[in-house]
Structure formats: structure tokens, C-alpha cells
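Me: I have a new structure to look at and don't know where to begin. Can you put it up and walk me through a few spots?

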Amino acid sequence: MSTPTADLLAELAEIGRDPVRGGYSRPGLGEAERELRSWFIEQATRRGLEVELDRNGIVWAWWLPASGDRAGAVITGSHLDSVPGGGAYDGPLGVVSALRAFDLLREANEFPARPLALVVFPEEEGSRFGVPCLGSRLASGALTPERARSLADADGVTFPDAARAAGIDPDAIGPDPERFADIHAFVELHVEQGRGLEDLGQPVAVGSSILAHGRWHVAIRGRGDHAGTTRMQDRQDPVVVLADAILAVREAAEQTPEARGTVGRLRALPGGTNVIASQSDLWFDLRHRDESVVRQLLEQITERIRASGEREGCAVELQEESFSGEVRFDADLRAQLEAALPDAPVLDTGAGHDAGVLAGVIPTGMLYVRNPSGTSHAPDEGTSDDDAEVGSVALATGLEALMR
Ligand code: GLV
Ligand code: MN
Ligand code: MN
């Protein structure tokens, strides 16, 4: 049965659908994300909220006390971009729940006890420019504006050009300490990316921590040639090194308890069946609670790829695209959410979030909503309409406690 939260989400159903991969492809600062952002701005404006786009591309929609003062605000929201072929809930659920929670709070009070801002972060997945949580990393100083300006997507579109197309001045991006100095708390609601709640028979959880995680790009350069005329012993084939790199990631992670290692993206250039590639690229993702274990895994994997490159006569270049240490959400904030939601279990996660990045500068916490399949970053990701509404009500309850 439809619910107000599910109805809001349904308005986004046609935006950014991917007919080839299935699900949704809403790359950061691209057309679909911009359309979704306009939808959010329209929804917020319709509710009488004061909307602004800050210099890092974060949208803020303010509900202010009678004084009009913005100090000591509580903020809530998430992101609207997706991974390639992703689900409908990762990001958008937190945004529509923020709107719905505002509606519930507004029904009860003309003015908030504290300022409340609904926020939308750009390029959270990093699926376009490689760096996840680009907006919150820039705002918090975790990513330099110079590095952001040097990024380009797979089609060669530079970050500055994409930023301009999205109404963001690339020369104005960067740390925004004054804005965040006055934030009391940030709560991000998110679809759960696992089966914790399903197994516990509960609809909503309070977040405790995020595993340390990072992303690396490996470029392997060999010698392009003809598939039929080049003898096997004469080849310098970067795809062979790439194959070994995939196994290096898999085996290192398998041999380390509680580690996760993934190669989810790769390419061979120029990419012809009868062409020995001149270059191959892969991107891998490593996660573990302990940051030093992630570093050890990285070292082990790097060594194996380099040895493989040497054997094949290929040059190997490795670049770190992003790294995030383990995050433990603010203890006081978490205790307040737990007190406001006494039935909610506490869960940790292996997924990164803007609330994790911003934990370095403001008190942050998260709420998760039950996902029956446990799947995420794929079209099967989901939650029931009823649970989506229960999540919004829980968010309103949590925000109300924090605004008191
Ligand atoms: C974002 O969802 C991530 O964990 O990579
Ligand atoms: Mn995600
Ligand atoms: Mn997300």
C-alpha cells in the first residue's frame, strides 16, 4: 500500500533509469542528478523552505525559528546520485524521508525549536569522478579544491566543466568551516545495505560505525599488437596483468578475516577482440574495520601486481583515489537517537556515507531502514512502502529529540 514517503519516492521513478544495465544510472552532476536536484528544490520551495546551493554544490533547504537565526541547526538528508545500474533507494530514500519528516514536524509546530536544514549532497557515490562524497569531502577539507579540479570522468569531461553545467563555480569550491561551525547535528537516513534488520525483524536501526575503506586505480601499460601475428613469447599484454590483479584483490581479502576486496570496474584499451591491448585499467575497493589492515592488504596486492607487471614487461602505476578511516558516529548523538527510538537495534555498516565524511567536523549519526533482500548498489535494493514511512516517522522522532 502506498504511503506518503513512498509516494514522494515514486515521483522519481522515471528519472535516470538505465535501459542497458537495469536500475538507475544517475552520475554525479549529470543530467539525472540535476533533474532530481531540481525536483527537490521545487518540493522544498513549495513547503516554504529557504533554499540555497552552497559553493560545493550542496543544497540546503532551511526551516527557521521565528528569529530567523541559523545557528545551532540540525540537518538531515542524503544524496540523489547513484552507482551505474543502482537501485532506487540508496540516497533518494534519505532525501524523501527528510521532506516527509519535515512535513510531520511542521504539522505539529509552526516554528522549529532549532533551525532545521534538509540537505542534498552531490556525487556521493564517486561513480563519475572517482572520489566518493565529493561535496562533503570538499566542504570538510578532506579533499583539496585543486585535486577536485584535476578530476575528469570516463568521457574526459573535467570536473570544472561538469560543475559549471550544474551551476557550481569550480573556482569557489573548498573548505567551508564557518558553515559547519554552527551545525548542532547531522542525521542521515539510508536504506540498509545488508540484512541486519530483516534478520532482527525490525524496521529501523541506529548506526554505530563505518568500516575504513578506500579506492585505488591501477593503470597497466603494455604494447599493443596483432592477435594473430604476435607470438605468445613476444607479448607484453596488460590484460594478463589485470587478470592477476583481480585475483590478487580477491585472494588477499579472502585470506584476511572480515576484509572486503572488490574489483568492480575494468577496461582494456583500445578494446578489440583481435587486438592485444596497449593499456588496461582496473579500480579496486578495499574495506576493513581496522585502517592498518586495509593498508597491509594494499601493500600485499600492490606487490603482487608489480611482480606480475614485471613478468609481462608492463609498467604498472597505482593511484589512491580516496581513503576513509573507520568512523564511529558521535556517542552523544547516537545515545539521543537510541533514547528516542528505544526499539531500534544498533548496526554498523561497510558502506561509506556523507555522514561518515562529515563526522570529522560535526556530530553525525545515521538511521537505517529495513531492506528485505539486503542487496544494494543493484536494482534489487529496496524497502517496503510501509517501512519507508516508518523510517520517516523515526527520522522525525529523532530530529525532534535533537532539536529540543
Ligand atoms: C558508497 O555507497 C560506498 O560505500 O561505496
Ligand atoms: Mn551507495
Ligand atoms: Mn548512499
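**Metal sites, pocket and odd backbone spots**

Me: Is Glu125 buried or exposed?
Reply: Glu125 counts as buried, since its relative accessibility is 6%. Buried means under 20% relative accessible area, exposed means over 50%, and partly exposed is in between (1.4 Å probe, protein chains only).

Me: What am I looking at, and how is it numbered?
Reply: This is a predicted model, in which local features need pLDDT of at least 70, side-chain atom pairs count only at pLDDT 80 or more, and totals for chains, interfaces and linings use all residues. Residues are numbered from 1 along each chain as its sequence is written, chains are lettered from A and ligands numbered from 1 in the order in which they are written, and side-chain values use heavy atoms, with hydrogens and water left out.

Me: Back to the metals. Which protein donors does the manganese ion (ligand 2) have?
Reply: Asp90 (OD), Glu125 (OE), Glu125 (OE) and His377 (NE2), at 2.0 to 2.7 Å from the ion. Donors are N, O and S atoms within 2.8 Å of the metal (3.2 Å for Na, K and Ca), and water is not among the atoms, so sites may look incomplete.

Me: How are those donor residues spaced in sequence?
Reply: The spacing for ligand 2 is D-x34-E-x251-H. Glu125 sits in the loop between β4 (116-121) and α4 (134-140), and His377 in the loop between β15 (364-369) and α13 (385-403), so this pair ties together parts that are 252 residues apart in sequence. Helices (H or I, at least four residues) and strands (E, at least two) are DSSP runs, numbered from the N terminus.

Me: And how accessible is His377?
Reply: His377 is partly exposed, with a relative accessible area of 39%. His377 also has a positive phi of about 60 degrees, although it is not a glycine.

Me: What is the usual sign of phi?
Reply: Most residues other than glycine have a negative phi, and most peptide bonds are trans.

Me: Where else does a residue that is not a glycine have a positive phi?
Reply: At Cys133, where phi is about 55 degrees. Cys133 lies in the loop between β4 and α4, and with 3% relative accessibility it counts as buried.

Me: Which peptide bond is cis?
Reply: The one from Leu269 to Pro270, with omega near 5 degrees. Pro270 is in the loop between β9 and β10 (275-276).

Me: Now the manganese ion (ligand 3). What holds it on the protein side?
Reply: Its protein donors are His79 (NE2), Asp90 (OD) and His190 (NE2), lying 2.0 to 2.2 Å away. Along the chain these donors follow H-x10-D-x99-H. Asp90 coordinates both this ion and the manganese ion (ligand 2), and the two ions are 3.6 Å apart. Asp90 is in the loop between β3 (73-79) and α3, while His190 is in strand β5 (residues 183-191), so that pair ties together parts 100 residues apart in sequence.

Me: Are Asp90 and His190 buried or exposed?
Reply: Both are buried.

Me: What does His353 touch?
Reply: Leaving aside neighbours within four places in sequence, the contacts of His353 include His190, Cys133 and Glu188. Contact means heavy atoms within 4.5 Å. His353 is in the loop between β14 (346-349) and α12 (354-358), and at 2% relative accessibility it counts as buried.

Me: Different topic. How much space is in the second largest pocket?
Reply: About 300 Å³. Of its 15 lining residues, Phe129, Ala152, His217, Trp283 and Glu321 are the closest to its centre. A pocket is an open set of points on a 1 Å grid over the protein atoms alone, where a 1.4 Å probe fits, with protein on both sides within 12 Å along at least five of seven lines; lining residues have an atom within 4 Å of a point. Points are joined across faces, edges and corners, and the volume is the space filled by probe spheres set on them.

Me: Where does that pocket lie?
Reply: Domain 1 (5-211 + 326-403) and domain 2 (213-324) both give residues to the lining of the second largest pocket, so it lies between them. Those bounds come from an automatic or database domain assignment. The strands β9 (260-269) and β12 (315-324) each supply at least two lining residues.

Me: Last one: where is Asp155, and is it buried or exposed?
Reply: Asp155 is in the loop between α5 (145-149) and α6 (159-165), and at 71% relative accessibility it counts as exposed.
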